[in-house]
Amino acid sequence: MAENFLPSRHGFVFDNAWPSQPAVLLPTPFGDIGVGNAADGLCGGMTFAALDYWRADAAPPPERPPAGAPLYRYIVQRLIDSWHVPAGVAQYYQWMNLPDGDSAFTVFGRKVLTERGLSWRTIRVQWPQIKKDIDRHLPVPIGVVTVASARPQDLGRNHQVLAYAYDTAGSRVTVRVYDPNRGRRDDVFIAFDAGAPAKPTSFAHNLGLGQRPIRGFFRAAYTPHDVPGR
């Protein structure tokens, strides 16, 4: 941990694209769920592994590992770790089923709050925790919720990235992230206005999510792990 994390130095040289391999099955409160064929991505594993290498002050490996190689098995194991079963899976699922903005109704002229939305939970609860770690020069894995769905099978459509820096301009926040889908790019970000968290918030981004939006994000539970060969 001799220097601040930067994707161009500390990210993997390969991006999150893999040959077709059997799906990773996760035991969850909803039964075993295939996080997906490896061809669909190992974002959580690569995020956790990149942070492991940075913490170990070790250079990331110079090439993509083949299936079955120790590095590949390690990334798959870190993918499983990144879902933090069962609590982490339950959090993704809960957030997939929450509204973007707060839910409330008015009775006798007074507004009664019924449910905090993803915007408030992200901006008022999760972002201060993430910011505190970044201020200590500690990169933070974050779970990115991209779908609104009651189907457990859609859990794998969410994403994970590593937040390592941020900028502010008034109430506008820009979070710099390492996205395994984007490789060693230093220009990847999530940006939002923190000024009205009770309302649905637009999270601008250039993550490798195709057309999927960001509905909110949270600080993922991370425990360091030894890297292969150390």
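These are my notes on the cores, one helix pair and one loop residue of a predicted model.

**Ground rules.** I number residues from 1 along each chain as its sequence is written, and side-chain values use heavy atoms, with hydrogens and water left out. As the model is predicted, local features need pLDDT of at least 70 and side-chain atom pairs count only at pLDDT 80 or more, while totals for chains, interfaces and linings use all residues.

**Cores.** I looked up the largest nonpolar core (buried Ala, Val, Leu, Ile, Met, Phe, Trp, Tyr and Cys residues joined through side-chain atoms within 4.5 Å; buried is under 20% relative accessible area, exposed over 50%, partly exposed in between, with a 1.4 Å probe and protein chains only). This core has 36 residues, and F12 and I75 have the most contacts inside it. Two or more residues come from each of α2, α3, α4 and β6 (159–169); these are DSSP runs numbered from the N terminus, helices being H or I with at least four residues and strands E with at least two. With seven residues, α2 gives the most.

I then checked I75: leaving out residues up to four places away in sequence, it touches F14, W18, L42, G45, M46 and A49 (contact is heavy atoms within 4.5 Å). A second, separate core has 20 residues, I142, V144, V175 and F217 among them.

**Helix pair.** Which residues of α4 meet α5? I found Q91, Q94 and W95 in α4 against L118, R121, T122 and Q126 in α5.

**Loop.** I found A56 in the loop between α2 (43–55) and α3 (70–82). A56 counts as partly exposed because its relative accessibility is 27%. Its C-alpha atom is 9.2 Å from that of H225, 169 residues apart along the chain.
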